[in-house]
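Reader: I'm new to this one, and I'd rather understand a single spot properly than skim everything. Could you pick one loop, take a close look at it, and then show me what surrounds it?

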Amino acid sequence: MKTRHKRIMIAMGALAVLGTATALVLNAFNSNLVFFYSPTQVAAKEAPTGRTFRLGGMVEAGSVRRDGVNVHFVVTDTVKSVPVQYQGILPDLFKEGKGVVAQGQLKDGHFEASEVLAKHDENYMPPEAAEALRQAGKNTNAMSQTVLMEPKP
């Protein structure tokens, strides 16, 4: 084999290895990507089924039911509501009428959360949740009292 052919074969091998590595990295990135959806988007079937995503909005007043470590509550954006089921201990700041972001999947007409995130303090709401509430078209009393700012360290 000529030197030229050897160089071409080495370059093609290196290109194949680089292409495979790039494909694996992009596949891992895509499978770990988690998108945010509002209850209105979930009701409109814009959210993926069988894939993890984040659901954000306000915890509907009077909707929290506890059964041991199982918690059932409803997340709303003042237009649509989505029932949420969570098994575990909720954050201390989790309350009715306050902002929440839950991560999980849609199953049998309800959202099964694997993680629940509550707002940091009385003045903070996740920007995605605040934007979803604004786009829903209604300003609730809780929304009008919420000031958007960066979370405190």
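**One loop and its surroundings**

Author: Let's start at V69, which sits in the loop between β3 (65–67) and β4. Strands here are DSSP runs of E with at least two residues, helices are runs of H or I with at least four, and both are numbered from the N terminus. Before going on, keep in mind that this is a predicted model, where local features need pLDDT of at least 70 and side-chain atom pairs count only at pLDDT 80 or more, while totals for chains, interfaces and linings use all residues. Residue numbers start from 1 along each chain as its sequence is written, and side-chain values use heavy atoms, leaving out hydrogens and water.

Back to V69: with 46% relative accessibility, V69 is partly exposed. That label covers the range between buried (under 20% relative accessible area) and exposed (over 50%), using a 1.4 Å probe and protein chains only. V69 also has company from further along the chain. Q87 is 18 residues away in sequence, yet the C-alpha atoms of V69 and Q87 are separated by 5.6 Å. Skip residues up to four places away, and V69 touches Y86, Q87 and G88, where contact means heavy atoms within 4.5 Å.

Y86 is a handy stepping stone, as F73 is in contact with Y86 too. Beyond its neighbours within four places in sequence, F73 also meets V59, S63, V64, V82, P83, V84, F94 and V116. What is F73 doing with so many partners? F73 belongs to the largest nonpolar core, which has 20 residues, and together with L55, F94, F111 and V116 it touches the most other members. β2 (53–59), β4 (70–76), β5 (81–87), β6 (99–107) and β7 (110–118) each give two or more residues to this core, and β7 has the largest share, with 4 residues. A nonpolar core, by the way, is a set of buried Ala, Val, Leu, Ile, Met, Phe, Trp, Tyr and Cys residues joined through side-chain atoms within 4.5 Å.

From L55 you can hop to another loop. S38 lies between β1 (36–37) and α2 (39–43), and S38 is in contact with L55, G56, D77 and A132, leaving aside neighbours within four places. Unlike V69, which is partly exposed, S38 is buried, at 5% relative accessibility.

For a very different scene, look at helix α1 (residues 3–31), home of M12. None of it is tucked away: of its 29 residues, the number buried is 0, so α1 lies largely in the open. M12 fits that, being exposed at 53%. The end C-alpha atoms of α1 are 42 Å apart, which agrees with the expected 42 Å at 1.5 Å a residue (1.5 Å times one less than the number of residues).

Finally, the whole thing. The protein has 4 helices and 7 strands, running α-β-α-β-β-β-β-β-β-α-α along the sequence. Of its 153 residues, 30% are buried. Distant pairings like V69 with Q87 have a wider backdrop: among contacts between residues at least 6 apart in sequence, 52% join residues at least 24 apart.
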